[in-house]
Amino acid sequence: MRRERLVVGLDVGTTKVCCLVANSMEGLLEVIGMGMSPSRGLEKGVVVDIGRTIQSIKKAVEEAENMADMRVDNVLVGIAGKHIRSLNNTATVSITRQDRIITQEDVRRVVEAAQTISYPPDMELIHVIPRQYVVDGQEGITDPVGMTGTRLEVDVHLVLGSVTAVHNLVRCVETLGVRIGQIVLEPLASSMAVLSSAERELGVVLLDMGGGTTDISVFRGGDIWFSKVIPIAGEHITNDITVGLQTPIEEAERIKKEYGTCLVDAVGEEETVDVATIGGDGTRAVKRKKLAKIIEPRVEEILDLAMQEVEDAGYRDLVPAGIVLTGGTALLDGMAEFAQQRYDLPVRRGRIPQGIHGLRDIVESPIYATGIGLLKYAVEGRDFARRKAHAHFSSRGRSGGMFGKLMGWFRKFLRG
Ligand SMILES: Nc1ncnc2c1ncn2[C@@H]1O[C@H](COP(=O)(O)OP(=O)(O)OP(=O)(O)O)[C@@H](O)[C@H]1O
Ligand SMILES: [Mg+2]
């Protein structure tokens, strides 16, 4: 029997909110709806204005609902921001029963034990990702249930985020009557969309260069080892152009996309670009080399900061598959060549892999990598991440009581 199910990914980015709806069938995803709206309430990946963020999400979700002709009531939502911390931990439990056969309960116990780390009260666990299990010294086990042993160990990757940042994001989504199936770290989602299993296995750095944040993650042996979010990306390049060429921000953004490059040497002396002046009363010709000279140092700074994080974490020499670039800023002309020369590593722009259909433009642009990745995560990510559901948020307002009724009314009002 063919089994179909609907999955929805919500990427609340700094520059845009994107909602994707897909049909998932036998491992294949077909995108059947999308909605996108400019993001208004975020700074550097974090919600700073709840009202405006709700409006942006509402518009994207409604558009996606209309296109897919269905009601969105459960989503996977991405999270980023420099509050994110990640670390690796291990734990061990003994199997003392007579038969020594490892059960689901033993797995739950050991994963639970691996989460007992001390962290500040203003942080909470977003992901607990079991990377491998070790049974009586035998490594590399992905599912130990049914095996025999006396000692069960687990290696986990833990991701923590600020309680406030998580809470604000959850509130924005749930105010609209949409439940959150899971919160997923954005770089983890993007990785599902753009990395091949060979790259994941060999060792690779994934850089998702968006508008407000650059998300860094390192994969090895098929799993995530490191993740970090730095608060600098495409918007900073645009700001520099605004100042350097004294032009309005929208014009700086347009020029960056159409004529921008980070390879100063590749630009001819005679090339010029018409740039609108502030006040909008005319244009003037600016050398394209001047534009490139503004962009190049910023790109260098962003990439250096990201690669320094990789170096500090000890992975610089453990990524033979090099660097994969995604996110809107990865579209900047010359980006891959620039990174390749600077770090002497193979660099490629991420493509969306096999198994995704529908809405061609969407599935191929790096701008949608996080959204597509969330869809893939919904289908494939089950045993890869374990996150306690946000029970305290999800049930609130959906249950009875005065508060619930009020929230129900408020949602109806918001959604019209
Ligand atoms: N062709 C292009 N050349 C250069 N930059 C581009 C191009 N297209 C998009 N960008 C830049 O990409 C950025 C938006 O990327 P993206 O949609 O991945 O960000 P986001 O997900 O909204 O933000 P974040 O992930 O940082 O929260 C903007 O800064 C935009 O200027
Ligand atoms: Mg993004």
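**The surroundings of ligand 1 and helix α8**

In this predicted model, the shell around ligand 1 divides into three nonpolar, 11 polar and five charged residues (Ala, Val, Leu, Ile, Met, Phe, Trp, Tyr, Cys and Pro count as nonpolar, Asp, Glu, Lys and Arg as charged, and the others, Gly among them, as polar). Of these 19 residues, Thr14, Thr15, Lys16, Glu253 and Lys256 come nearest, a residue being near if one of its heavy atoms lies within 4 Å of the molecule. Helix α7 (249-259) supplies at least two shell residues, as does α6 (234-245); α7 gives the most, with three. Helices here are DSSP runs (H or I, at least four residues), numbered from the N terminus.

Polar contacts, pairs of N or O atoms within 3.5 Å, can be followed around the ligand. A polar side-chain atom of Lys16 lies 2.7 Å from an oxygen atom of ligand 1, while for a backbone N or O atom of Gly211 the distance to a ligand oxygen is 3.0 Å. A polar backbone atom of Thr329 is 3.3 Å from an oxygen atom of ligand 1. The protein buries 92% of the 660 Å² that ligand 1 exposes when taken alone (Shrake-Rupley method, 1.4 Å probe).

Just after α8, Gly314 takes a positive phi of about 90 degrees.

Residues are numbered from 1 along each chain as its sequence is written, with chains lettered from A and ligands numbered from 1 in written order. Local features need pLDDT of at least 70 and side-chain atom pairs pLDDT 80 or more, whereas totals for chains, interfaces and linings use all residues; side-chain values use heavy atoms, without hydrogens and water.

How values were computed: A polar contact is a pair of N or O atoms within 3.5 Å; within protein, one must be able to donate a hydrogen and the other to accept it, and residues adjacent in sequence count only if both atoms are side-chain atoms.
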